[in-house]
Amino acid sequence: MSSLDQIFTLTSALSLAGVASVGLVATAAANTLLPKNARWQDRFTFIWLAFDAMIHFSFEGSFLYFSTFGRTVNTSTGVLVEALKEYTLADARWGTADPTVVSLEILTVLGVGPICCYVLYQIIKNDPARHYWIIVLSLSELYGGWMTFCPEWLTGSASLDISNPLYLWVYLVFMNSIWVVIPVWLMWDSYGHIAGSLRLTQVDAQSKKD
């Protein structure tokens with residue numbers, strides 16, 4: 001059995017603290033930029049999308065930099081690389097510039113990240129059009145997660161290390177499942193807004209005909 005220092009290292013602690021600090025910044029932004037009477041759903045959505053955007057730009061953006069033009073995470077050095085190398089212990093593909101992962105992260109960093117920021121702006125402005133973009137964004141997140149792991153599962157998961165509880169339950173399960181559970185909830189919430197508005201419009205149009 002692995003000893004505690006083999007399961008949870010200083011790099012592990014610093015990496016998780018970095019993720020937690022992003023969540024704190026996202027929460028502070030929501031408290032600063034949203035009115036006090038904002039719906040809890042909108043506040044939660046804002047915090048999540050701010051967190052999401054910062055993770056995409058910082059963690060995954062760094063991964064893209066160190067995984068293109070001949071570079072790999074495994075052969076790079078630096079403070080940001082250490083957090084990436086920590087995740088490669090759970091999923092080795094992140095250390096070798098796996099083309100499938102890199103391709104998906106290009107879309108994530110250059111596409112999903114900016115959409116997150118746009119929806120944040122819409123939430124601040126209380127623009128109901130955000131619900132369309134939330135659904136687009138959530139579907140993109142779900143597709144990205146599926147295409148990240150499905151090919152690996154179909155080929156025997158050789159790149160995934162599930163022997164360490166930290167790698168399995170925190171890095172692989174928890175860190176990735178929140179990008180499934182929360183987007184599904186966001187889609188459900190936004191669907192309710194869009195469908196409800198369309199039904200009211202339909203009823204209103206029908207009453208005018210009558």
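## Fold

From the N terminus on, the elements of the protein follow the order α-α-α-α-α-α-α. The model is predicted. Its secondary structure amounts to 7 helices and 0 strands.

The C-alpha trace spans about 70 × 40 × 35 Å along its principal axes. Taking contacts between residues at least 6 apart in sequence, 69% join residues at least 24 apart.

## Burial and surface

The protein has 210 residues, and 39% of these are buried. About 11,900 Å² of the protein is exposed. Carbon and sulfur atoms supply 70% of that area.

## Charge

Among the side chains of the protein, 11 are positive and 16 are negative. The centre of the positive set and the centre of the negative set lie 13 Å apart.

## Residue T108

T108 belongs to helix α5, which covers residues 99–124. The relative accessibility of T108 is 12%. Buried means under 20% relative accessible area, so T108 counts as buried at its value of 12%.

When neighbours within four places in sequence are left aside, T108 is in contact with H56, E60 and G113. Of these partners, G113 falls within the residue range 99–124 of helix α5, the helix in which T108 is also found. H56 and E60 lie outside that range.

Notes
Residues numbered from 1 in each chain as written. Predicted model: local features only at pLDDT ≥ 70, side-chain atom pairs only at ≥ 80, totals over all residues. Heavy atoms only, no water. Helix = DSSP H or I, 4+ residues; strand = E, 2+ residues; numbered from the N terminus. Buried < 20%, exposed > 50% of the residue type's maximum accessible area, 1.4 Å probe, protein only. Contact = heavy atoms within 4.5 Å. Areas by Shrake-Rupley, 256 points an atom, 1.4 Å probe, with all protein chains shown as cover. Lys, Arg positive; Asp, Glu negative; His and termini not counted. Charge placed at Lys NZ, Arg CZ, Asp CG, Glu CD.
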